[in-house]
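Colleague: I would like a close look at one part of this model. Please take me through it step by step.
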Amino acid sequence: MTSSSGQTFSFGTKAESLIRIAPLLTLFKVPRSRHFTVSEWRIDPDRQLRELEDHFADDVVIVRSSAQGEDGEVGSMAGRFDSIGDIAATPDALRGAINQVIASYDRTSDDGEDQVLIQSMLRDVLMSGVLFTHDLNTGGPYYVINYDDETGRTDTVTSGGVYSNRTLVVHRGALDAVQSPRFQALLAATVELELAIPGQGLDIEFAVDRDLGVHLLQVRRMTAQPTPDDEMPGRVDEAIGRIRAFVQSRFAPMAGIHGRRSIFGQMPDWNPAEMIGRAPRPLALSLYRHLITDRAWRQARGQMGYSEPNGMPLLVSLGGQPYIDVRLSFHSFLPAGLDEGIAEKLVNAWLNRLSAYHQLHDKVEFDVAITALAFDFEERLAAQSPGALNKDETAAFRDALSELTGSLLRGEAASVAGELAKIEELSNLRQDLARRQPTDLAGVAALLEDCITLGTIPFSILARHAFIAQALLRSLVDRDALNNAQADALMASVRTVAGELADDCRELAAGALSRVDFLQRYGHLRPGSYDILSPRYDQREDLFADTAPLTAPAAPAQFAPTAIQIQNVDALLSDRGFDLTAAALFDYIREATAAREYAKFVFTRNLSDALEGIAAWGESVGLSRDELSYLEIRDILDTLVEINESDVEHHLKPLAEAGRQRHDMTKALRLPQILAKAQDVHVVPLRLSEPNFITHKSVRGHGLQLGGHDRVPDNMAGAVVLIENADPGFDWIFAYGIAGLVTKYGGVNSHMAIRCTEFAIPAAIGCGEQIFDRLCTATAIEINCAENHVRPADGLRD
């Protein structure tokens, strides 16, 4: 291939490629090096050692592999062979390192033409890593930079470390948005390198020193690239431009909504990334909006006594990726009737805190906003919103929260019992609708409407009760009324539908419960509640088939507070003005938690039946489940009220194909989990999230990744299970004796957090994309909840 300067470059081995590219570069520095073949070494190792000693003198070097097949056109052996660093350039030291590298070749081949590369060891390394010039998974127009800026080493990224490695994704069309001098220097050198090797995706190993000198340690072709789509980069560029303009407009002040600006996030409040994924298909996204974030979310909060932002949908779709408008969320966490000036100050303070601490994005209800009068109100307000309110404003906010919280605890507004009664009514109505013809689309519309009025609105209220319950429990620990172990025991004493499911799974496996009876209650569940392609339990023959009897988990510790502790809790309740005893508070915490999980279980029946009704209707008109997944729910339901120029099949198939193409672009977009300003759409740091650790236990087990369409693996028992976004459809895993759970998305009070608390299973919930993806490559995983870490356990010793 010919560079822009007219010089020709061709790839060779690692060593040959570096030698050939060096004269074409001015911004990248190629370390001083020597190389020779294995045959040359075997013939006369002493000669090679003398030449190396003369060449490097008193330098310190790294001995690296440079095998013939290591960096091929269609495959890479990256990381397959040994590299030995920090070697003195003396014959004795070099001999051992060279023999070790050659020995690593012998594990796969014995090609005398394989080479050994010796390079000067870099010092004063500020940052090192690997850069891909396009997205490795989609071919999207991004520079993807995996880097380590902590250890000063040059091999941590390629060797697969977790906590020292970070990722930055930069849109190729907006390099001027990069503000960091070190990344500016790296990207400028990369652009020059691309001009020298045109028309080729590159995999670049680099280091940046403390003087911002950029060093090229290796360059090779990107392998395993997706099928090229020549139009995709342009489509992504256009989409990013539209998204940036939308964000800029939406972040302006809004009439009737508190907050000078907004923030968009995939995990705050209604955490869509956890429930439907980062890039859901159109049907799943539109159903989530229709059932929850268009109106149910705000109507529920209005009924509870919170401030309702009338007419405002909570979720925005950025190129098909779901985001919560956090300003609206924070507005809705305020007590209705709160002074406008106080409300404005609070929302701005909360937005500023989230903007400064992105890692709190899945903990906003506890660590950013204050949504109820807990027993640590004063301390939390001072820590989370320092200086936001004066003394009188603080008192007014406290009084408003006291009235709101007291009313909810006493059941005077949107009581737990009243909302559960609506959920039971939904269950009865659903049974009537289930008797309709399976292809009756009007029945689907009725299922969804009932699901909103008697399902997701009551569920939203019960979910808020559960958050208040957690806030109160946490504050009891913070005020030393209870300890952590007692709080865990109280939560483990909650009997939820998941516990019933696990018990029934064991009964089923033992032959004490028939499969028909089991599926009559649980058959509607599916991993991926909104995904029409995810099979329900009653469509899966692999669940609990030919399973040996399952062992019941050990009984959790009893929740048994002392008389003194109960007196202390009573005193705290009295101080807050809540007409409630300690025993009643503990009951409220249990009831709110269990009610939330039961409501979710019931409303997802309607949702699951609606998806099956859509699938049956689609089959009757010539549309597959796959095609239906690319339609929006409104496209489907509109066929009940609109007459089109062609029949339904020919009308919807082009819409489905257009949806598929949009979804391809959705998957190719790389956007951050938190958007705090418009230019964030161009520069995406994949931050090391802070997982939410459940229990205070430690566990180690083999890693096992599960997806929504996967069959039950044979090695579930004792596994640390990894699930990207886990909803109620994954509850079957708790019947298989798993050791621990890791999820990519999820908050401290999310569905799986509650489940793991109930079963006393160590878990790291919401560990983020970077940690999760690295754990997926590990054969063994350790979760230490007491010390707040999760990591690969390959090779670790007890």
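At what angle do the axes of helix H8 and H16 cross?

Modeller: Keep in mind that this is a predicted model. The axes of H8 (residues 282-293) and H16 cross at roughly 45°. They come within 9 Å. An angle between 35 and 65 degrees is neither roughly parallel nor roughly perpendicular, so it counts as oblique. H8 is therefore oblique to H16.

Now look at the residues that meet. H8 brings Leu287, His290, Leu291 and Ile292. H16 brings Leu448, Cys451, Ile452 and Thr456. By class, six residues in this contact are nonpolar and two are polar. None is charged.

Next, follow H16, which covers residues 441-478, to Arg464. Arg464 is buried, yet it has no salt bridge. Glu365 is the nearest side chain of opposite charge, 5.2 Å away. A salt bridge needs the nitrogen and oxygen within 4 Å, so this pair does not count as one. Leaving out residues up to four places away in sequence, Arg464 touches Met304, Tyr306, Phe333 and Thr371, as well as Glu365 and Arg301.

Arg301 makes a useful contrast. Its side chain meets that of Asp269 in a salt bridge, at 2.6 Å from N to O. This pair links distant parts of the chain, 32 residues apart. Arg301 sits in helix H9 (residues 296-304). Asp269 sits in the loop between strand S11 and helix H7. Arg301 has 6% relative accessibility, so it counts as buried. Asp269 is buried too, with a relative accessible area of 8%.

Notes: Residues are numbered from 1 along each chain as its sequence is written. This is a predicted model: local features need pLDDT of at least 70, side-chain atom pairs count only at pLDDT 80 or more; totals for chains, interfaces and linings use all residues. Side-chain values use heavy atoms; hydrogens and water are left out. Helices (H or I, at least four residues) and strands (E, at least two) are DSSP runs, numbered from the N terminus. Buried means under 20% relative accessible area, exposed over 50%, partly exposed in between (1.4 Å probe, protein chains only). Lys and Arg count as positive and Asp and Glu as negative; His and the chain ends are not counted. Contact means heavy atoms within 4.5 Å. Axes are lines fitted to C-alpha atoms, for helices over the stretch in contact, and angles run from 0 to 180 degrees between N-to-C directions. Angles under 35 degrees count as roughly parallel, over 145 as roughly antiparallel, 65 to 115 as roughly perpendicular and the rest as oblique. Ala, Val, Leu, Ile, Met, Phe, Trp, Tyr, Cys and Pro count as nonpolar, Asp, Glu, Lys and Arg as charged, and the others, Gly among them, as polar.
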